[in-house]
Amino acid sequence: MRDQQTAPDLPQTLLDWYDAHARAMPWRVPPADRRAGVAPDPYRVWLSEVMLQQTTVAAVRDYFHRFTARWPTVGDLAAAADADVMGEWAGLGYYARARNLLKCARIVARDHGGAFPADHAALLTLPGIGPYTAAAISSIAFDLPHAVLDGNVERVMARLHDIHTPLPEAKPHLMARAEALTPSERPGDYAQAVMDLGATICTPKSPACGICPWRDPCAARLAGTAADLPRKTPKKPKPVRRGIVYLGRRSDGAWLLETRPEKGLLGGMLGWPGTDWTEAGPQTEAPPHPADWQPHAGEVRHTFTHFHLILSLRVATLPEGTRPQRGHFVEPDEFRPSDLPTVMRKAFDLVR
DNA sequence: CATCCGTGGTC
DNA sequence: TGACCAAGGAT
């Protein structure tokens, strides 16, 4: 027992809070189990972190269960067919993540004996693993003292130190603060604790400062600026683009779809053939095959990261034996609407 | 450093 | 209802 009580340091205060409040997640080893010696599975840590990039825990949960049930190890995933992985990822967004996920799994299986390297620099070289994810795997899976800097930590650091410099300019400064706080003891639990704090207490709007474990040392709370931080440089407005998609159905029920190019929007995903999507709108029709294409009442409205989209629809029935000029037919028993990215699924839902 | 890249929930 | 926001990475 200490004979003189001193104020606990910040990391320890947060770890104590995490021991009592860590939320259960399918990919997480609870702090009690972890302290008892249970090690996380690096494959599950990696998979969850890639899925969680710019994506909420609620959205990821079911996808994580389906992926780990279907591909229990990185070797299983490495051996999967591209179309199966893209289809399983459909709806989660940012499809470059799925392409890089597969590339990464195959590199780990082929060059690393099926084991993720316990090395931050080596992780950084893998596809789809950037500064955040390399630090997350290093700390959470291997308990190496690397600082994670995601949107949560940026917000927590900006408030804790009352930093008013706007993002992204403030990012290096926030990273330096995050690194200075990262402890050598339990860095994995600490990393998850800071992110939990940002997700549940130090939230973007109406932060729950009253129950925050860092309430006393928080400079922004003292200054009354917490809810206004972090500052961000304003974003550009989103233009509206328009296009046409063609939903062709063969008389036996097969749908005419195409696999989109690897690079660019919805890269590698299944979709309806159509025109380019431009602000000027389509100047001419672009059917994938000659047919009696009929306009469909109603339009698809969808918002991507950097533009709004309004899609007009055309529908037609194609005779059996059609050799499409563009795309390929997907047999009725092989067609799963859930394999489509959301904008394409919206078009299907409107027409079926 | 700026741009591109999805989606669903929230207020 | 529309803008913001989420455990970012690649180019």
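This is a short conversation about His302 and DNA strand C in a predicted model.

Tutor: Residues are numbered from 1 along each chain as its sequence is written, and chains are lettered from A, with ligands numbered from 1, in the order in which they are written. In this predicted model local features need pLDDT of at least 70, side-chain atom pairs count only at pLDDT 80 or more, totals for chains, interfaces and linings use all residues, and side-chain values use heavy atoms, with hydrogens and water left out.

Student: Why is His302 called buried?

Tutor: Buried means under 20% relative accessible area, exposed over 50%, and partly exposed in between (1.4 Å probe, protein chains only). His302 has a relative accessible area of 14%, so this residue counts as buried.

Student: What makes the pair His302 and Lys346 a polar contact?

Tutor: A polar contact is a pair of N or O atoms within 3.5 Å; within protein, one must be able to donate a hydrogen and the other to accept it, and residues adjacent in sequence count only if both atoms are side-chain atoms. The side chains of His302 and Lys346 are joined at 2.9 Å, so the pair fits.

Student: Which residues are the closest to DNA strand C?

Tutor: They are Gly128, Thr133, Asp150, Asn152 and Arg155, and 24 residues surround the strand. A residue is near a strand if one of its heavy atoms lies within 4 Å of it.

Student: How do you know that Gly128 makes a polar contact with DNA strand C?

Tutor: A backbone N or O atom of Gly128 lies 2.6 Å from a phosphate oxygen of DNA strand C. That value is within 3.5 Å, so the pair is a polar contact. For Gln54, the corresponding value is 2.7 Å, again from a backbone N or O atom to a phosphate oxygen.
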